[in-house]
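Let's take a look at how one chain is split into parts, and then at how a pair of its helices meet. Keep the picture open while you read.

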Amino acid sequence: MDASRRNLLKATAILLVDQWALSHGQAFATESSSAAGKDERKVIVVACGGIRRAETFSDSGLGNIPHLYRELLPQSVFYPFIRNAGATSHYNTISSILTGNWQRLDDWGMTAPASPTLFEYLRKRMDLPQDSVWFISSNKALTSRIGASSIRDFGPRFGANVVFPKQLLINAVIRAASQGHPEHSADRAAMQLELQAMLQNADNYEGLGWSVSGEESILDLRMQSSMQQAIEDLVRTNAPVTGDEFTFLVSAEVMRRFAPSLLAITFSDVEVAHFGSYSMHLAGIRTMDRLVYELWNLVQALPSYSGKTTLFVLPEFGRDFDGSSTNGFFNHRAIDDSTSLTWMMCLGEAARSANVVERPVQHIDLCPTIAGLFGVKDLELPGKTLPGLST
Amino acid sequence: MSERPDKAQADASSPDAYRHLVERLPVTLRPSLNQQLSQWATLFPFEQNRLANFMKGVETFSPSALDALTAPLWALEKKMGVKLWNFSEASDTIENASQLARSEYYAEWRREVQRVFETVNAAARDSTPIQTASTRLILLFLPGSLPVDPLSAWKQWDARGHEIKISGGSERLCELAMKGQPGLPGIATLAARQGNVESSDLWLIDAEGKLSGMPASLSPMAACSLSYAALKPLRDRFLAEVNKIPKNIQATDELISNLRLESWNGWGLWPAEVANQPRLRRFVIDLYLSGNGAFIFSNAFVEWAASEALRRARPRTIVARFGMRSKPKPFTSIAIFENQQRISSLPDVDDPENSAIDAVILARYVWLAASRYPEQEQTLCLCVSEHRDSAYVILPAGKSLGWSPERTIAPDELYSWLGAQFLS
């Protein structure tokens, strides 16, 4: 992506997060009172869609992940075998990671997780404000219900801020197209009207599916104007703009402005595989590789994160094997190791001694491990604390 | 091209009787069987025969024997709580699939379903004479516009095969297959000589419309001919309908059911080679509704159509030609389900390198799809990369190439050899 386009995305992300920060009276994280206690320990979890070992940590796949393999692996605790023993759909997998229980919910996110999420455990036990826990995702298969469970003693009052940056772009583009004038996408004045209408209308804003604490049902005029300008310019560019890139930039701004204690990010560019373009799937893997590396560098650069952050990176699951009756890399529903067995990398504070842990672990092991890193214990979860980490 | 009735269609009184048999089976087996029965007239002969044989197999079991066979599956359904689900018995739905897949007993359920089907099919085979199999030919073309890397293109293919060097002009192979020439009959003539008369025995699947652009002057048999390019009017209309789907499983299933029932005939959207073939029209709609990028990317369409043709029609001959896709526009990866021409007025720009990457793996997927069926032993597969005059051939079991793969071979000679192998 060229610098001007990336700057544009970045500006959009900054303005978006600035809007939330202003609405909460927070300019920067260093001035925030929402830090997670005196310890200020931070955890970031990055789940990056369905990616097979074959395209990543295998002889044939290493070329797709130069940053993960060359830069980050040597300083990580690496788990070459992590098993998704639950339903290998996005909503169920992400909820399983967040709750430490295998969730078997409506795949389309119409039901909240059936057991408390990490967000709720942390907020309730540590008395954290909502701005301390964020979920930022590119994935259209998720909904804001992912941020809090249906358990009575927990629930939305202990839930996370949930944001889907990619949905904003999608809605903007679709609204522009629905005018029936394709030339609008290359016409500044025409697009301006489309976007203004979208951002000013409460129904449209609510249609983004976000859940941000204290958020009004409509963006303020300053934000509308900024977003309008940024998206219009995006539409006019002549090269791909990815949802993951925008998700990363919004995440980075949230880190700068809110410094959440727990930040969960999900990337999904790789899911273009569902439509059968292998080259675009590989491009999605390379984007994920680069963005994770940039995220790690950002962690080192931000005082509120440097030296106190643990980063987990893992695919949600693999994808089906070549020759499967489910059409190989297109899907992730075969009952096979290609789909259910993947890898995980842990960097930072809890991974002080680089190591490879060959012992198989599971996705539901993350929740008790992360809770433990925050000193939240005795959760009676089926998962086990991940081996090889410093607590 | 018209369809010809076959024996299975002549026995069309069977479906009603079969419905009663379906009622004797566990609940989770019923949607697929009922859906096929409701679409009996538009099933391919192979599907009709397969369904009829399965039902005959069920009939071979006494009530007590069938109860014994299916008891573990009934018990599993009870543990899964299927009776409490919103489970359609009439047809396969997204909600059915979703409920099954998220059950903790899903893997066990799949194993049990497979066991029941295998046992019933084995009983059916015992009471059905075995037909002698003839050679299946799969001919795949990666057009010259796709810069396929010959060093890596064939690496992942079946190790039983051979790389072949063609002495220039490999695009002539496609011409010969479609048009033939004196002494070198086209593929339709070869298929007819092999004894095939049913249109679903010969499939021509194309990303760009090149295959239908070079027809034989007097084709001796009808074919199922599909072109991604020619289907554009239908695809655009279909995409517009799909984009009305809300984020809700029940509403989606309802809309999909409506799209399946919609005749799609009144719009004048079908290309001529499909318009008069109800089975083929149904196949296209089913293909679109089954996802897998069939109405997003041309090469995904070619692969998935070929794979589904193999699964549903088990043709003797498939010719599939991949093609070029455009570079992603600014929002292609963000709003991929949208009509890209509608989203952006920017012109399409070819993406040869990435189209080649897509086509190489998808061509191999067609072979892998063919490999799943017992006839793979009699399958001859040739994949041609026109860009580098290179090809990969996989021979039927027990057959040998007959020449050293080290030597280059002329297109006419290779095609002549192919025809001889096909008819042998």
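In this predicted model, the domain assignment divides chain B into domain 1 (14-126) and domain 2 (136-422). Taken over C-alpha atoms, the centres of domain 1 of chain B and domain 2 of chain B are 31 Å apart.

So where do they touch? On one side, 10 residues of domain 1 of chain B take part, and they are in contact with 12 residues of domain 2 of chain B. If you want to find the domain 1 side of chain B, check helix H4 (45-59) and helix H6 (94-101) of chain B, since each supplies at least two residues to the side that touches domain 2 of chain B. That side of domain 1 of chain B is a mix by class: four nonpolar, four polar and two charged residues.

Now for a pair of helices. The axes of helix H9 (residues 172-179) of chain B and helix H18 (residues 411-423) of chain B come within 9 Å and cross at roughly 45°. Angles from 35 to 65 degrees fall between roughly parallel and roughly perpendicular, so H9(B) counts as oblique to H18(B). The crossing of H9(B) with H18(B) is right-handed.

Here are the residues that meet in that contact:

| Helix | Residues in the contact |
|---|---|
| H9(B) | B:Arg172, B:Leu173 and B:Leu176 |
| H18(B) | B:Pro411, B:Leu414 and B:Tyr415 |

What classes do the residues of the contact of H9(B) with H18(B) divide into? There are five nonpolar, no polar and one charged; the charged one is B:Arg172.

Conventions
Residues are numbered from 1 along each chain as its sequence is written. Chains are lettered from A and ligands numbered from 1 in the order in which they are written. This is a predicted model: local features need pLDDT of at least 70, side-chain atom pairs count only at pLDDT 80 or more; totals for chains, interfaces and linings use all residues. Domain bounds come from an automatic or database domain assignment. Two residues are in contact if their C-beta atoms, placed from the backbone, lie within 7 Å. Helices (H or I, at least four residues) and strands (E, at least two) are DSSP runs, numbered from the N terminus. Axes are lines fitted to C-alpha atoms, for helices over the stretch in contact, and angles run from 0 to 180 degrees between N-to-C directions. Angles under 35 degrees count as roughly parallel, over 145 as roughly antiparallel, 65 to 115 as roughly perpendicular and the rest as oblique. A crossing is left-handed if the near helix is turned anticlockwise from the far one by less than a right angle, and right-handed if clockwise.
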